[in-house]
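Student: Hello! I am new to this structure. Please choose one part, take me through it closely, and show me what surrounds it.

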Amino acid sequence: MKKLFLFLTLLMLSVFGLKAQTGNIRGRVLDANNLSLPGASIYTEDFNIGTFTDVNGHYIISGIQAGEYQLKVSYIGFQPMVLKAIVKSGKTTIVDFKLDPGMGLDEITITGGLQGQSKALNQQKSNGNITNVIAADQVGKFPDANIGDALKRIPGINVQYDQGEARFGNIRGTAPQYNSVTINGERIPSAEAEIRSIQLDLVPSDMIQTIEVNKAVTPNMDADAIGASVNLVTLSEPAGERISGSVAAGYNGLAKQANYTANIIYGNRFVRDKIGMTIGASINNNNLGSDNVEAEWDGDDNNYYLKELQVRQYYLQRLRQSYSGSFDFKLNENHNLYLKGMYNRRKDWENRYRNILAADDAPAPNGIYPIDKAERETKAGGNNKNARLEDQQMMQFSLNGEHLMGKIKADWGLSYSKASEDRPLERYINFTMEQSDLKGDVTDPKKPFMTLLDESLQDLNSSWELDELTEENQNTEDVDMVAKLNIEIPMASGDFKNALKLGAKYKSKNKERDNNFFDIQIKDEDAFLVDALSNTKNQSKDDFMPGDKYNVGTFVTKEYLGSIDFNDADMFEKEANYAEYAGNFNASENITAGYIMLDQKLGNKWSAIIGLRLEHTTTENKGKKWDDDAEVLSDTPEEKNDYTNLLPNLHLKYKLNKNSILRFAYTNTIARPDYFKLVPFQEIEDGDEISLGNPDLEPTTSANFDLMAEHYFKSIGIVSAGFFYKDIHDFIVHERHNDYTYEGTEWHKFERPINGGDVSLWGLEFSAQRQLDFLPGFLKRLGLYTNYTYTHSAITNFNIEDREDENLSMPGSPEHTLNASISYETSKFTGRLSFNYASSFMDEFDDEAFKDIYYDEVTYLDLNLSYAFHKNYMVYTDFNNLLNQPLRYFQGKSNRTYQMEYYGTTAKIGLKLNF
């Protein structure tokens, strides 16, 4: 691979100073407001030469004979334009275009959100692979605060929620670990310790220029994208001075507190337009909360009972900040440099009050459960908010160059990315009691109920015993460093225009977790208990959304727990709990990749991308071993592994006519195992329970077939239909067993990750988006945006013992997803009602079907309204989760609730400015 890098570098350098007999045309296509128009078609009919603009509106036509050309630009929703270009040998001619909005909707001017749709559809149409695109001004027409919420509008994507905000995305029936998220083409590291999946709620939607969902990746893209690769394109390359921003305030009914959000973006060019700068900042302060009930069931489908019930109350303040900067340096007409950076930070201050009731066995005939335990736990933090702080940060910085040398194009890049999570001084106080049996009601297992039989023990009092008082600090870091080089060599023009592209990439990654945990020993426990029990508060609410019958109960207050000085040696002693250190690890991963691909035009109708990508991966992982019987914590030996993936790709595009396209793709992709799954850790509890890592895990691989038909309307719209099939091998699951023999030892509980088997996954995808301009009168201003995806998956060669012959679907694979919105837009007013639905799906396997966990179906309804009272100012209001859809899991069957968490409806009103 080093030789390949050297060859590419020498090839690039060899063309410097080459006196060409041909010349180049390059330029930029903008709208009347100096905003870039991606996906514009630039074409000269006389010589049958053409290309498309990139995401920033730039285009290059290289290696064409000297002469005079008439260049025509066409763009859905805009008036076409023709300009003359005079090409000289060995020179680059600059030809820029500025297009005016069209009048394609029966004299409805294409402005506002319609321009955003136009940009997205033009880019999608021009791409050589199967993609979905959302432009920034299109995102602004939905009430989506972060990237995850915006993604749920795209065909085949459903999202999983945390505290009412989208956090992870499932794409085309694949769970988050089988997809990738990149910024400007480079994958974002994960701030969470054990996984690769990206926290989508880290990135605010107002800091992104374009969202590209590549459902069929090309050879020059990273291959870790079985479902799709989501690329976030940051704001960059302004054509002139521009200022935009917004401020808004809102209210959360559950938290009963106000929220606010604000952002500002400034762009301009300097030094005779040689230097461009775009800087932006965004802040969102969101007070949230959730009402939560969780249940665990035992038995079987014919005779089951409630094993445990938890009633939880959450309160959360989420502060999200984002800052970005982009600088472009036009050295001359052939050489450009780009310096970009983005920093995102999300702080969650959370308090949780958890009431746990657990039964020791099935209930007696009179419905009374023998008690195993009752617990009351307060979560807080040793900071000025007395709340557990989860501080997640993600940053990415890159330096890139683009060079046109004769007719050869080359680009290179260096990037540094880092994600981290800090949770300092996280505290828990837990009281327990076993003096009362339990009574329960499971006549409606969707709303299971359990309470203490002795009502005098409902509140914390002297009958309750202190079980745990703890403090912990958690730290995770994930660092990526990347170097890459790409070269494009045009070889033919006209009806059989083609270009050979080749490149190489090296990526170095290191991830580590360093946690510590302390049990707090109290020197005068009697005095402490008197003090603690005098600082309690009833956290029960009359409007608890799972139902009035649930009472959270009384708890030690967050103020008391957060203010304790555990460093007071006269009162406390910190004792390290080494069992909690078993999760610490260090993992490194190096990926060396190279590709070669041919972008080939085959007459006026056909085009093809054919290529081969090679990725070689090496890993080194170290962890910990803990045996609580021996009370020994030790390091595990370092485990090394390496593997190579050879990944052929083929993309075909056929133009039925000017606005209708057929696409086919055959691609091969991979998903590497999550980091902690590869760590050779061991955790042994009570002498007969063991959890293991698995350094022998194989990466998941997939051969993918896609067929898509698209028709684009002049009146800003598309109708499309597609079929996709994925032949997935070695997907990864956790195997869990009771009374299981492993390497000659029988364990009461056994758990480890394994390659679970293979999956056959196929689906159908439909999308329709159009302004209804054919309707009479004011109805022509209505717009429709809808898509539906059907997915079916079946597991074969399942590796979990005793479940090999069951008919099972892949985790993270909803059968139905549906998005729909109807909008009404005038030159000043826009209103949109948005609907989102996803059916239930398998989330986690266990050793038997009764214990399997499913993510329940969801239905969301959102509304946003805006009014432009001036060409530069707009007021807007957003309403999210109008149906108060809970996050719900169920165990085994849909009527057995495993978790139900309610967030309520949120609303905000704000002002946007645009100069």
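Tutor: Let's begin with a term: helices (H or I, at least four residues) and strands (E, at least two) are DSSP runs, numbered from the N terminus. Keep in mind that this is a predicted model.

Our part is helix α5, which spans residues 525-533. A good way in is a negative surface patch, whose members include D360, E465, D467, E468, E525 and D526. Two elements, β27 (465-492) and α5, each give two or more residues to this patch. The largest share, three residues, belongs to β27.

Now look at D526, which sits in helix α5. Its relative accessibility is 60%, and because exposed means over 50%, D526 counts as exposed.

The helix also holds an aromatic residue, F528. F528 is buried, whereas D526 is exposed. The ring of F528 pairs with that of Y560, with 6.1 Å from centre to centre and 45 degrees between the planes, a tilted arrangement. Y560 is buried too. Since F528 belongs to α5 and Y560 to helix α6 (residues 558-563), the pair ties together parts that lie 32 residues apart in sequence.

The story of F528 goes on from there: ring pairs join F528, Y560, F566 and F572 into a cluster. The structure as a whole holds 28 aromatic pairs.

So, to look back at α5: this helix gives residues to the negative patch, and through F528 it is tied to α6.

Note on methods
Residues numbered from 1 in each chain as written. Predicted model: local features only at pLDDT ≥ 70, side-chain atom pairs only at ≥ 80, totals over all residues. Heavy atoms only, no water. Patch = residues over 30% accessible without salt bridge, like charges linked within 9 Å, V, L, I, M, F, W, Y side chains within 5 Å. Areas by Shrake-Rupley, 256 points an atom, 1.4 Å probe, with all protein chains shown as cover. Salt bridge = Lys/Arg side-chain N within 4 Å of Asp/Glu carboxyl O. Lys, Arg positive; Asp, Glu negative; His and termini not counted. Charge placed at Lys NZ, Arg CZ, Asp CG, Glu CD. Buried < 20%, exposed > 50% of the residue type's maximum accessible area, 1.4 Å probe, protein only. Phe/Tyr/Trp six-rings, centres within 6.5 Å; stacked < 30°, edge-to-face > 60°.
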